[in-house]
Amino acid sequence: MHSLQALFGGTFDPIHYGHLKPVEILANQIGLQRVTIMPNNVPPHRPQPEASAAQRKMMLELAIADKPLFQLDERELRRDSPSYTAQTLQEWRAEQGPETPLAFIIGQDSLLTFPGWYQYQTILENSHVIVCRRPGYALRMKEEQHQQWLEAHLTYQVEDLHTLPAGKIFLAETPWFDISATLIRQRLQQGLPCDEMLPLPVLRYIQQQGLYQKSSN
């Protein structure tokens, strides 16, 4: 029996409790032993992170040093080309073999834009999708065909995630932390405290490196 593995991607500019806490709670809810954090390589046509790839990686390492649930995967940072989730999950599936249950963790807002992702249909061929819901927000896809796609793959059984290798969408009831990387960057620029928003070693590193100090105008 292979245990369920999950992948959690993002820009993490910087990593904060709004990323970490819902995933830790999710892991307890559904019995996840291991979550792989994968920082994205940001495509050239998108707004670039203020922190370099090396700095984003360092902040992640500091954030998860005392959290055995998480491990870091740097493959996307090492690529020169932008990374597509569909391709990454295809690679990951090839490495893990056909039987291992794999899941990709996203937030509710990402699910709503999911049909616009590159080769989005292939994602469920290679993994489950676990959605961290925002409590109190209705979850309905913009177009009827996408709503039907969602309903066709929905499962309410945690067991499905552990027994099937891929193909299900699971909506997790995780609490919402009103923290964003944008908010943290704004507060740091204004010299306001952020201690409650991200792990202390990450905050110290940000200050040491003089990150997010400059006004972005």
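Gln119 is partly exposed, with a relative accessible area of 37%. In this predicted model, Gln119 lies in the loop that joins helix H5 (108-113) to helix H6 (120-126). Its phi is positive, at about 50 degrees, although Gln119 is not a glycine. Phe12 shares this feature: it too is not a glycine, and its phi is positive at about 50 degrees. Most residues other than glycine have a negative phi, and most peptide bonds are trans. Phe12 sits in the loop between E1 and H1. Its relative accessibility is 2%, so Phe12 counts as buried. The loop between strand E1 (5-10) and H1 also holds Pro14. The peptide bond from Asp13 to Pro14 is cis, with omega near 0 degrees.

The sheet was examined next. Seven strands make up an open sheet, in the order E3-E2-E1-E4-E5-E7-E6. The pairing is parallel. Strand E3 (70-72) and strand E6 (154-155) are the edge strands, and each pairs on one side only. Strand E2 (residues 35-39) pairs with E3 in the parallel sense over 3 bridges. Within this pair, Val35 stands opposite Phe70 in E3. Helix H2 (residues 53-64) packs on the sheet and touches E2 and E3. The direction of H2 makes about 155 degrees with that of E3.

Strand E5 (residues 128-132) is largely enclosed by the rest of the structure, because 5 of its 5 residues are buried. His128, Ile130 and Cys132 point one way from E5. Val129 and Val131 point the other way. Both sets are buried. E5 has a partner on each side in the strand order, E4 and E7. Strand E4 (residues 102-107) pairs with E5 in the parallel sense over 5 bridges, and Ile106 stands opposite Val131 in E5. Strand E7 (residues 169-172) pairs with E5 over 4 bridges, again in the parallel sense. Here Ile130 stands opposite Phe170 in E7.

In soluble globular proteins, nonpolar side chains tend to be buried together. The largest nonpolar core of this model has 40 residues. Among its members, Val35, Met59, Ile105 and Ile130 touch the most others. Helix H1 (residues 17-30) gives the most to this core, with 6 residues. A second, separate core has 22 residues, including Trp92, Ile106, Leu111 and Tyr120. Ile130 of the largest core and Ile106 of the second core each appear in the strand pairs of E5 described above.

Met59 illustrates the contacts of the largest core. Leaving aside residues up to four places away in sequence, Met59 touches Phe12, Pro14, Ile15, Ala51, Val202, Tyr205, Ile206, Leu211 and Tyr212. Phe12 and Pro14, from the loop between E1 and H1, are thus among the contacts of Met59.

Met59 is also one of the buried residues of H2, together with Gln55, Arg56, Leu60, Ala63 and Ile64. These residues cover an arc of only 155 degrees around the axis, which puts them on the same side of H2. An α-helix has 3.6 residues a turn, so residues three or four places apart point the same way. What covers the buried residues of H2 includes H1, E2, E3, helix H3 (75-78) and H10. The length of H2 was also checked. At 1.5 Å a residue, the 12 residues of H2 should span 16 Å, and the end C-alpha atoms are 17 Å apart, which agrees.

Helix H9 (residues 181-189) was treated in the same manner. Its buried residues are Ala181, Ile184, Arg185 and Leu188. Seen down the axis of H9, they fall within an arc of 100 degrees, so they line one face of the helix. Helix H10 (200-209) is part of what covers them. H10 also belongs to the cover of the buried residues of H2. Gly191 follows H9, and its phi is positive, near 70 degrees.

His146 was considered last. Helix H7 (residues 144-153) contains this residue. His146 has a relative accessible area of 14%, and is therefore buried, the cut-off being under 20%. Beyond residues up to four places away in sequence, His146 touches Pro115, Tyr120 and Met141. Of these contacts, Tyr120 is a member of the second core.

Technical notes: Residues numbered from 1 in each chain as written. Predicted model: local features only at pLDDT ≥ 70, side-chain atom pairs only at ≥ 80, totals over all residues. Heavy atoms only, no water. Helix = DSSP H or I, 4+ residues; strand = E, 2+ residues; numbered from the N terminus. Buried < 20%, exposed > 50% of the residue type's maximum accessible area, 1.4 Å probe, protein only. Contact = heavy atoms within 4.5 Å. Core = buried A, V, L, I, M, F, W, Y, C linked by side-chain atoms within 4.5 Å. Pairing = 2+ DSSP bridges. Axes fitted to C-alpha atoms, helices over the stretch in contact; angles between N-to-C directions. Arc of directions from axis to C-beta. Expected span 1.5 Å × (residues − 1).
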